[in-house]
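Here is a set of short exercises to work through with the structure open beside you. Try each task yourself before reading the steps below it.

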Amino acid sequence: MERVKVIFRDCPCDIDGYTVQGFDDDGQPCYTIIINARLSDERQRAAYYHEMLHIEDGDFDRVKEVGVNEVENDVRKVKFDFA
């Protein structure tokens with residue numbers, strides 16, 4: 001099992017939680033899950049579970065680097081898809 005640290009911080013209302021991947025001195029992955037401290041206990045547990053699924057499913061291994069233009073195009077696409 002990967003090393004996971006959980007931190008509770010006040011975040012904007014639209015953020016339930018997020019995860020940051022790092023590496024220890026041996027090059028092994030470790031994760032910090034940040035949970036929005038402003039949420040109810042139930043939503044905090046759901047956010048934790050959601051973030052753990054990303055870790056357990058290996059989502060960080062599938063991440064690819066993208067340029068700013070690609071991100072902006074994706075944002076524009078999403079805006080127009082829901083407009």
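**Exercise 1. Decide whether Y31 is buried or exposed, then find what surrounds it.**

Step 1. Start with the cut-offs: buried means under 20% relative accessible area, exposed means over 50%, and partly exposed is in between (1.4 Å probe, protein chains only). Y31 has a relative accessibility of 6%, so it counts as buried.

Step 2. Now place it. Y31 sits in strand β3. Strands here are DSSP runs of E with at least two residues, helices are runs of H or I with at least four residues, and both are numbered from the N terminus.

Step 3. Look for company from elsewhere in the chain. A contact means heavy atoms within 4.5 Å. Leaving aside neighbours within four places in sequence, Y31 is in contact with E2, R3, V4, K5, T19, V20, Q21, I55 and F60. Take R3 as one of these: Y31 and R3 are 28 residues apart in sequence, yet their C-alpha atoms are 6.2 Å apart in space.

A word on the ground rules: this is a predicted model, where local features need pLDDT of at least 70 and side-chain atom pairs count only at pLDDT 80 or more, while totals for chains, interfaces and linings use all residues. Residues are numbered from 1 along each chain as its sequence is written, and side-chain values use heavy atoms, with hydrogens and water left out.

**Exercise 2. Follow the trail from Y31 to F60 and describe where F60 lies.**

Step 1. F60 belongs to the loop between α1 and α2 (68-82).

Step 2. With a relative accessible area of 22%, F60 is partly exposed.

Step 3. Not counting residues up to four places away in sequence, F60 touches T19, Q21, Y31, H54 and I55. The C-alpha atoms of F60 and Q21 are separated by 7.5 Å, although these residues are 39 apart along the chain.

**Exercise 3. Work out which residues form the largest nonpolar core.**

Step 1. A nonpolar core is a set of buried Ala, Val, Leu, Ile, Met, Phe, Trp, Tyr and Cys residues joined through side-chain atoms within 4.5 Å.

Step 2. The largest one has six residues: Y31, I33, I35, A47, M52 and I55. Both β3 and α1 supply at least two residues each to this core.

Step 3. Zoom in on I33. Outside its neighbours within four places in sequence, the contacts of I33 are V4, K5, V6, I7, Y18, T19, Y48, E51, M52 and I55.

**Exercise 4. Check the length of helix α1 and find its buried side.**

Step 1. The expected span of a helix is 1.5 Å times one less than its number of residues. Helix α1 (residues 41-56) has 16 residues, so it should span 22 Å, and its end C-alpha atoms are indeed 22 Å apart.

Step 2. Pick out the buried residues of α1: Q44, A47, E51, M52 and I55. They cover an arc of only 135° around the axis, which puts them on the same side of α1. That arc is taken from the directions from the helix axis to the C-beta atoms.

Step 3. Turn the helix over. The face away from the buried side carries the exposed residues E42, R45, Y49 and E56.

Step 4. See what the buried residues meet: they pack against β1 (3-9), β2 (17-23) and β3 (29-36). For a single case, take Q44, which is buried with a relative accessible area of 13%. Not counting residues up to four places away in sequence, Q44 touches F8, I35, N36, A37 and L39.

Step 5. Finish just past the helix, where α1 is followed by G58, whose phi is positive, near 75°.

**Exercise 5. Explain why C11 has no disulfide partner.**

Step 1. A disulfide is a covalent bond between the sulfur atoms of two cysteines. The cut-off used here is a pair of cysteine sulfur atoms within 2.5 Å.

Step 2. The closest cysteine sulfur to that of C11 is in C13, 9.9 Å away, so it is too far for a bond. A search of the whole structure finds zero disulfides.

Step 3. Place C11 in the fold: it is in the loop between β1 and β2. C11 is buried, with a relative accessible area of 6%. Leaving aside neighbours within four places in sequence, C11 is in contact with Y18, I34, N36 and R38.
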